[in-house]
Amino acid sequence: MIKKAGYLLFAVFFYMFRLCPQKEKKVFLIATHDAGEDGNIGIVSRRLWQEKPDYEQIWFTRKNTIRNPVDFFIKKAYHLATSSYVFLDNEFLPMAYLNFSKHTKVVQLWHGTGTIKRFGQDVNIGSLKRLEYLANQRITHLIVNSENVAKEYASAFGIDKEHIFVIGNPRTDLMLNKQYMQDKEKKFYRDYPELQGKRCILYAPTFRDSEVSNPTLHLNLKAVEESLAEDEVLLIRLHPHVAQNIRESFFEPYAGKIYHVSDYSEIAALLAVSEVLITDYSSIVFEYCLLERPMLFYAYDLKEFEQRGRNFYRDYRNFVPGPVLESEEALLNCLKAKDYHVDESFVAKNFPLLDGNATSRLFALIFSKG
């Protein structure tokens, strides 16, 4: 109820500021999932500085909360009301109560480049589902990579397909830029010089709704440490909701072999240095696959996730590009034996426009005068 009251109060100020002139060259950037330069919003911001330096940019991130009332209710409401362009990488629930000018373009880039598990309108219930639905009706452009994703996102966001544009996601441009990825790799080794020459394995599990109140790391770190070869290290990147509830001291006994990198802002750097990715139902698979490296799918709760969790848009075992391992023992055995390979067909199926020009197409679509 407190959050809903906050959204309504934000709307009151927004409508007051709607009386002010809308600025043609003003962009409001909502980056509440990933405010780093590798995120979709960061990419859009950088291209704006390069191509449209006279455009005003206003950022809204997780730091902008109701706890700072002047900034949230007045400053941000004013800037949103007077912007001609709004870009998002996540839901922004106050939009459920807002009506934008007919000239405003609201562009949802989302924070994933595809999806495996169901989300949004396909899993949420009650007031959250209703608020999300209303907020999503303000979207004028939803950007996706393929027709398959378009069908799934139309359902997850509850919007008509006429608002979905299959032009490619900006994040894919970076993953395809070899020089950019090499620079990210160099930066990582400057930050972690002791890992130079090591074989990095990245574990990046998705968030589970059941872990809201009791986040858990489903790995026996002692067993993992003992199974790693002398030249191998494990990088662990957890979802923010999980990471903030796990004490750093939990990883201290395994220093030098296991690194907790959840707070490391350079996700592209982590992908660049990792020779193998371990994940489960996370959309990170759609980015890592562009590097053409092997992936392992540690789905320890697969049956439960299918029956009582979010479930999937497609048959999980047949869709993911790598072996599905339903126990920690199977995972560690697979790692030891290096019993995995690259599924080259996955990229072709999910990225029909893989040319590194997604951001250019986005700018042509959104900023054209036609």
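Two strands count as paired here if DSSP finds at least two bridges between them. Strand 7 (residues 199–203) and strand 10 (residues 274–279) pass that test, pairing in the parallel sense over four bridges. Keep in mind that this is a predicted model. Below is a quick tour of two open sheets, a couple of helices and a nonpolar surface patch.

**The sheet with strands 7 to 12**

- Six strands make up this open sheet, in the order 9-8-7-10-11-12, and the pairing is parallel.
- Its edges are strand 9 (258–260) and strand 12 (324–325), each of which pairs on one side only.
- Helix 14 (residues 328–337) packs on this sheet and touches strand 7, strand 10, strand 11 (295–298) and strand 12.
- The direction of helix 14 makes about 165° with that of strand 11.
- To see the strand 7 and strand 10 pairing at residue level, look at Cys200: its bridge partner in strand 10 is Ser274.

**The sheet with strands 1 to 6**

- This one is an open sheet of six strands too, ordered 2-1-3-4-5-6 and with parallel pairing.
- Strand 2 (56–61) and strand 6 (164–166) sit at the edges, so to speak, each pairing on one side only.
- From one strand to the next, the twist averages 20°.
- Strand 3 (residues 83–88) and strand 4 (residues 105–108) run parallel and are joined by four bridges.
- If you want a spot to zoom in on, Val86 stands opposite Val106 in strand 4.

**Helix 5 and what covers it**

- Helix 5 spans residues 147–157, and its buried residues are Val149, Ala150, Glu152, Tyr153, Ala154, Ala156 and Phe157.
- The cover over those buried residues includes strand 4, helix 4 (126–136), strand 5 (141–144) and strand 6.
- Right after helix 5 comes Gly158, with a positive phi near 70°.

**A nonpolar patch on the surface**

- Leu9, Val12 and Met16 make a nonpolar surface patch of about 260 Å².
- Val12 belongs to helix 1 (residues 2–17).
- Val12 counts as partly exposed because its relative accessibility is 47%, and that class lies between buried, under 20%, and exposed, over 50%.

Technical notes:
Residues are numbered from 1 along each chain as its sequence is written. This is a predicted model: local features need pLDDT of at least 70, side-chain atom pairs count only at pLDDT 80 or more; totals for chains, interfaces and linings use all residues. Side-chain values use heavy atoms; hydrogens and water are left out. Contact means heavy atoms within 4.5 Å. Axes are lines fitted to C-alpha atoms, for helices over the stretch in contact, and angles run from 0 to 180 degrees between N-to-C directions. Patches are made of residues with over 30% relative accessible area and no salt bridge: like charges are joined within 9 Å, nonpolar side chains (Val, Leu, Ile, Met, Phe, Trp, Tyr) within 5 Å. Accessible areas come from the Shrake-Rupley method with a 1.4 Å probe; for residues, only the protein chains shown count as cover. A salt bridge is a side-chain nitrogen of Lys or Arg within 4 Å of a carboxyl oxygen of Asp or Glu. Buried means under 20% relative accessible area, exposed over 50%, partly exposed in between (1.4 Å probe, protein chains only).
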